[in-house]
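Got your viewer open and a hand on the mouse? Let's take a walk through this structure, one selection at a time.

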Amino acid sequence: AKTNNQIDQLAQNFDQFESNLNGSKGSIHEKRKAAITHFLNAGFPTSKDEEYKYTDLSKIISKQIDFSIDSNSTELGKNDLNDHSIQGLDAYELVFINGKFKKDLSSLPVSEDIEVIDFKQALSSDSELITEHFNKHASFENDELIALNTGFTENGSVIRINKNQNIEKPIVLRYLNDVREGQTVSYPRNLIVSEVNSNASVIEVYGEIGDGTSFTNEVTEIVLAENARLDHYKLQLNNEKACYTGTVQVQQARSSTFTSYAFTVGGAVVRNNLNVDQTDEGCETYMYGLYLLKGNSHVDNHTTVDHQKPNSYSNELYKGILDDKARGVFNGKIYVRSEAQKTNAFQSNKNILLTDNAIVNTKPQLEI
């Protein structure tokens, strides 16, 4: 019953969100409305949905998350971020607290080789990147979690790596929930566009300050042009009460190379969706994951690689170490389309269970 209350509450939240936008609804607002309508009709995925068979999100979220609580914006200094910073890393950085961009804690590039702005600013300046790419790759009709994020999209980051540029400093997107005073809910949205012959690294960091409960529902759309290279890292340093759902949706053009690294070391429930569409010849995709779990953590990694054209390559390796009553899920799907001759695709999932109570469900799939 609580799930229905939560759906009603999210409908109210959207009405409130809409009224707060005043006149600044912009070009994406019709998509927001269509997405939230889709979500409110479908609700959170349950174990009856094949893709969520081992992770009944509606059950988990109904027990843990109260969507009627407002996530307060809090005052933090640089020192509060130390536990979540990567020591000695020289990087550009965008910091978000409870989903809101904090310019005073961030260090943005001033280079013409790269454009990095927060999503809200990109919306208000009517960035052509958003018009061209927002919701074109991560489709809310296919996944309720993408629909929920799209409905509430306002905060996050927009990154463009200009053509022929090699960006040596990584770009860090740090999303922290301040849960010292109570629960938070946030909907980060990232758009990363790598132009022709560009090369860069992006690191997304997720975690909490304090030990309260949080819900983060994130979507990252990544577009690689011809011969572009992008290394994408996701560090999940969540506390034991955190609920996190995220989708990374990648579109690769000819001869581009995408590498993903996902590290998960906590969270009550974590669901990572990584979907890669190789839309032209000569694409290379590398996907690596490591999850180190204890307590009652439940982590579900779902990946798909869609080989659509000839002479492409993908290699996927996920490893897990599980202690106590932790549960891991790995579901990897490889599609090889009829045109995609001379495709090479590798997939491996290896796990170590340290107790009799730890569980792993692993399901590799190949569709030719």
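Here is a tour of a predicted model, stop by stop.

**Stop 1: charged pairs**

Side chains of opposite charge can pair when their charged atoms come close. How many salt bridges does a search of the whole structure find? The search turns up 16 salt bridges, and we'll visit some of them.

Select K234 and E218. These two form a salt bridge, and their closest N and O atoms are 3.1 Å apart. K234 belongs to strand β10 (residues 229–237) and E218 to strand β9 (residues 214–224), so the pair ties together parts that are 16 residues apart in sequence. Are these two buried or exposed? K234 is buried, and E218 is buried too.

Now select D280 and R254. Their side chains meet in a salt bridge, at 3.3 Å from N to O. This time you're looking at loops: D280 is in the loop between β13 (269–278) and β14 (284–293), and R254 is in the loop between β11 (242–252) and β12 (257–264), so the pair ties together parts 26 residues apart in sequence. D280 counts as partly exposed, with 25% relative accessibility. R254 is partly exposed as well, with a relative accessible area of 34%.

Next, pick K309 and E339. Here the side chains meet in a salt bridge of 4.0 Å, N to O. You'll find K309 in the loop between β15 (298–307) and β16 (313–322), and E339 in the loop between β17 (327–336) and β18 (344–353), so this pair ties together parts that are 30 residues apart in sequence. K309 is partly exposed, its relative accessible area being 26%.

Before moving on, select E115, E128, R160 and E195 together. A network of salt bridges links these residues.

**Stop 2: two helices that cross**

Two packed helices are described by the angle between their axes and the distance between the axes. Show helix α2 (residues 29–42) and helix α6 (residues 144–151): their axes come within 7 Å and cross at roughly 135°. At that angle α2 and α6 are oblique to each other, and their crossing is left-handed.

Which residues make the contact? On the α2 side, select K31, R32, A35, I36, H38, F39 and A42. On the α6 side, add E144, A147, L148, T150 and G151. Colour the contact by class and you get six nonpolar, three polar and three charged residues.

**Stop 3: just past α6**

Now go to T153, in the loop between α6 and β4. With 0% relative accessibility, T153 counts as buried. What does T153 touch, not counting residues up to four places away in sequence? Its partners are F17, I28, R32, F119, F134 and R189. For a distance check, draw a line from the C-alpha atom of T153 to that of S186: these residues are 33 apart along the chain, and the atoms are separated by 9.5 Å.

**Stop 4: two strand residues**

Select L322 in strand β16. L322 is buried, with a relative accessible area of 0%. Leave aside neighbours within four places in sequence, and L322 is still in contact with a list of residues including Y291, L293, R327, I352, L353 and V360. Try one of these, L293: it sits 29 residues away from L322 along the chain, and the two C-alpha atoms are separated by 4.8 Å.

Then jump to E208, in strand β8 (residues 199–209). E208 counts as buried, at 6% relative accessibility. Beyond residues up to four places away in sequence, E208 touches H84, N177, V179, S214, L237, N238, N239 and A242. Remember F39 from the α2 contact? The C-alpha atoms of E208 and F39 are separated by 27 Å, with their positions 169 residues apart along the chain.

**Stop 5: a pair of asparagines**

Most residues other than glycine have a negative phi, and most peptide bonds are trans. With that in mind, select N164, in the loop between β4 (156–161) and β5 (171–178). Phi of N164 is positive, near 65°. N164 is exposed, with a relative accessible area of 51%.

Finish at N311, in the loop between β15 and β16. N311 isn't a glycine either, yet its phi is positive, at about 55°. Is N311 buried, exposed or partly exposed? At 39% relative accessibility, N311 counts as partly exposed.

How values were computed
Residues numbered from 1 in each chain as written. Predicted model: local features only at pLDDT ≥ 70, side-chain atom pairs only at ≥ 80, totals over all residues. Heavy atoms only, no water. Helix = DSSP H or I, 4+ residues; strand = E, 2+ residues; numbered from the N terminus. Buried < 20%, exposed > 50% of the residue type's maximum accessible area, 1.4 Å probe, protein only. Contact = heavy atoms within 4.5 Å. Axes fitted to C-alpha atoms, helices over the stretch in contact; angles between N-to-C directions. Parallel < 35°, antiparallel > 145°, perpendicular 65-115°, else oblique. Left-handed = near helix turned anticlockwise from the far one by under 90°. Nonpolar A, V, L, I, M, F, W, Y, C, P; charged D, E, K, R; others polar.
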